[in-house]
Amino acid sequence: MSEPNETPEKLAPKSSGPEPLRFRAIWPVIRAAGLVPWAITFVVLFLIVSLIVSTVEPAIGGFTNAAWLMFQVVTTIGLGDFTCTSIVGRVAAIVLSVYSVFFLALITGAVVTYCGERMNARRDASAAQFLDRLEHLPELSPEELAALSEQVKQFDKHWK
């Protein structure tokens, strides 16, 4: 609830826009969405496939190059500096790529849902604050009324 002696700056909703989603914020989103088993499976599958490819593809030149190739497979960048030539290596790369498509789609969906929920929560808080100001209209000073009027005009512009 707003107090009658609050300044217009205190009453105006913060409109700094949505905060960017930081990389470290993705893990809590994964946990909240129940995707931890998918994430663990992805990491384990990535490591196993990298190990298989490094074993059956001697031209790759070891685990680190195989992991680099699997990173290219997962991200679909496919630079072409390494390729699987054996059936086993190709099947392993296919399994990882199919799993990663679904996993990355799930992560993307979870992040989009999270961002949408945050935006809706901010909108709802802003609307509640605005309605509170309207309920206390007789208590507002002329400056606060002017600020409220300007906010209504901005809102009107935004939705036209």
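A crossing of two helices is right-handed if the near helix is turned clockwise from the far one by less than a right angle. In this predicted model, the crossing of helices α3 and α4 is right-handed, while that of α5 and α6 is left-handed. The points below take up these two helix pairs and then two single residues, Val36 and Leu104.

**Helices α3 and α4**

- Helix α3 covers residues 36-56, and helix α4 covers residues 63-75.
- The axes of α3 and α4 lie 8 Å apart, and the two helices pack at an angle of about 125 degrees.
- Because of that angle, α3 is oblique to α4.
- On the α3 side, the contact involves Phe42, Phe46, Leu47, Val49, Ser50, Leu51, Val53 and Ser54.
- On the α4 side, these residues are met by Phe63, Ala66, Ala67, Leu69, Met70, Phe71 and Val74.
- Sorted by class, the contact of α3 with α4 holds 13 nonpolar and 2 polar residues, with no charged ones.

**Helices α5 and α6**

- Helix α5 runs over residues 87-135 and helix α6 over residues 142-159.
- The angle at which α5 and α6 pack is about 135 degrees, and their axes are 12 Å apart.
- Angles over 145 degrees count as roughly antiparallel, and those from 65 to 115 as roughly perpendicular; α5 and α6 are therefore oblique to each other.
- From α5, the residues making the contact are Phe130, Arg133 and Leu134.
- From α6, the contact is made by Glu144, Ala147, Leu148, Gln151 and Val152.
- The contact of α5 with α6 is made up of 5 nonpolar, 1 polar and 2 charged residues.

**Val36 in α3**

- Val36 is part of helix α3.
- Its relative accessible area is 22%, so Val36 is partly exposed; the buried class takes in values under 20%.
- Leaving aside residues up to four places away in sequence, Val36 touches Trp27, Ile30 and Arg31.

**Leu104 in α5**

- Leu104 is found in helix α5.
- Leu104 has a relative accessibility of 36% and therefore counts as partly exposed.
- Leu104 and Phe42 are 62 residues apart along the chain, and 9.7 Å separates their C-alpha atoms.
- Phe42 is also one of the α3 residues that meet α4.

How values were computed: Residues numbered from 1 in each chain as written. Predicted model: local features only at pLDDT ≥ 70, side-chain atom pairs only at ≥ 80, totals over all residues. Heavy atoms only, no water. Axes fitted to C-alpha atoms, helices over the stretch in contact; angles between N-to-C directions. Helix = DSSP H or I, 4+ residues; strand = E, 2+ residues; numbered from the N terminus. Parallel < 35°, antiparallel > 145°, perpendicular 65-115°, else oblique. Contact = heavy atoms within 4.5 Å. Nonpolar A, V, L, I, M, F, W, Y, C, P; charged D, E, K, R; others polar. Buried < 20%, exposed > 50% of the residue type's maximum accessible area, 1.4 Å probe, protein only.
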